[in-house]
Amino acid sequence: MTRRTAVSGAASGIGKALVQLLRAQGDDVVGIDLKDAEVCADLGTRQGRQDAVRAVLERTGGTLDAVIACAGISARVPAAVAVNFFGVTELLQGLRPALARADAPRAAFVGSIVGTRSGAPDVVDACLAGDETAALRAAAAVAAAGEGGTLYPASKAALARWLRRTSVTDEWAAAGIPLNAVGPGVVLTPMHAAHAVTEEQRRIVDRAVPMPLGGHAGPEVIARALRWLTSVENTHVTGQVLYVDGGAEAVLRGPDKI
Ligand code: NAI
């Protein structure tokens, strides 16, 4: 049966690979991105998210089988919090009623191995409180203190914690909607390329994210994991970050973490 799926970040990298994979199996996909997508919207703003939700609902008649949020930015600026955290959580929440109308609804987003790092606790707390104004204020203070590099990890850490508390609520698990994430290591996309221009930058990335199994992943590797998590085959996995990272999470957190 054809599944109807909305994918954010559809114009590049992981989202683009996922759209290709889903369309190749016959799914009906509505891509969301800043440009080059069926729905063009800025998920870094509340207005943009509301516009995106409305446009997706119009195109799909109000029912969706899956929503997969891939859009994100890695810049060391407060906008990373707006796009990566609120651009994911508000999109998922806005489209949740459309999922609830489907027979086998599923949702997922792209987290990151760096979400296992701690940092910028005020930003994380404000995100989890759902207070975007406070989150952006805290993020601006972090950036002004020269700690902008902690904002991207903080946005992903907040997402992982939001996932655990949200996935098991009445609105999601009890409504029959598995909600999960994939946490990649290094993925060969335009985002990664921007951080791996020089040999020294590549060394820094590889030290931060050791991937003993297979090395850097292509975007289709992450796309396949997202496809399974949001397929009808996934009946009982929810609230999980599935690290598709060549072993980075196990190396970094060590053998005693369970
Ligand atoms: P990418 O840069 O190739 O694609 C990201 C897409 O998101 C782009 O099409 C971009 O236009 C879109 N986007 C950015 N800001 C947006 C906004 N305000 N509104 C709507 N769309 C917006 O990057 P990539 O690598 O495919 O990243 C996808 C996800 O994977 C992101 O959430 C990223 O944080 C995550 N990730 C990527 C890793 C990597 O090594 N490439 C590693 C771990 C996580």
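1. Two strands pair if DSSP finds at least two bridges between them. With that in mind, take β1 and strand β4 (residues 66-69) of this predicted model. The two pair in the parallel sense, over four bridges. Val7 stands opposite Ile68 in β4.

2. β1 also pairs with strand β2 (residues 28-33). This pairing is parallel too, with five bridges. Arg4 has Asp28 of β2 as its bridge partner.

3. How is the unit made by β1, helix α1 and β2 handed? β1, helix α1 (residues 13-24) and β2 form a right-handed β-α-β unit.

4. Why is β1 largely enclosed by the rest of the structure? The strand spans residues 4-8, and four of its five residues are buried, so the surrounding structure largely encloses it. Buried here means under 20% relative accessible area.

5. Now the nonpolar cores. The largest has 45 residues. Leu92, Phe109 and Val123 have the most contacts inside this core. Helix α3 (residues 79-100) gives the most to it, with nine residues.

6. Which residues does Leu92 touch, leaving aside its neighbours within four places in sequence? Leu92 is in contact with Val67, Ala107, Ala108, Phe109, Trp162, Trp172 and Leu179. Among these contacts, Phe109 is itself one of the residues with the most contacts inside the largest core.

7. There is a second, separate core of 21 residues. Val29, Ala108, Val187 and Leu229 are among its members. Ala108 of this second core is also a contact of Leu92, and Leu92 belongs to the largest core.

How values were computed
Residues numbered from 1 in each chain as written. Predicted model: local features only at pLDDT ≥ 70, side-chain atom pairs only at ≥ 80, totals over all residues. Heavy atoms only, no water. Core = buried A, V, L, I, M, F, W, Y, C linked by side-chain atoms within 4.5 Å. Buried < 20%, exposed > 50% of the residue type's maximum accessible area, 1.4 Å probe, protein only. Contact = heavy atoms within 4.5 Å. Right-handed = clockwise from strand over helix to strand, strands pointing away.
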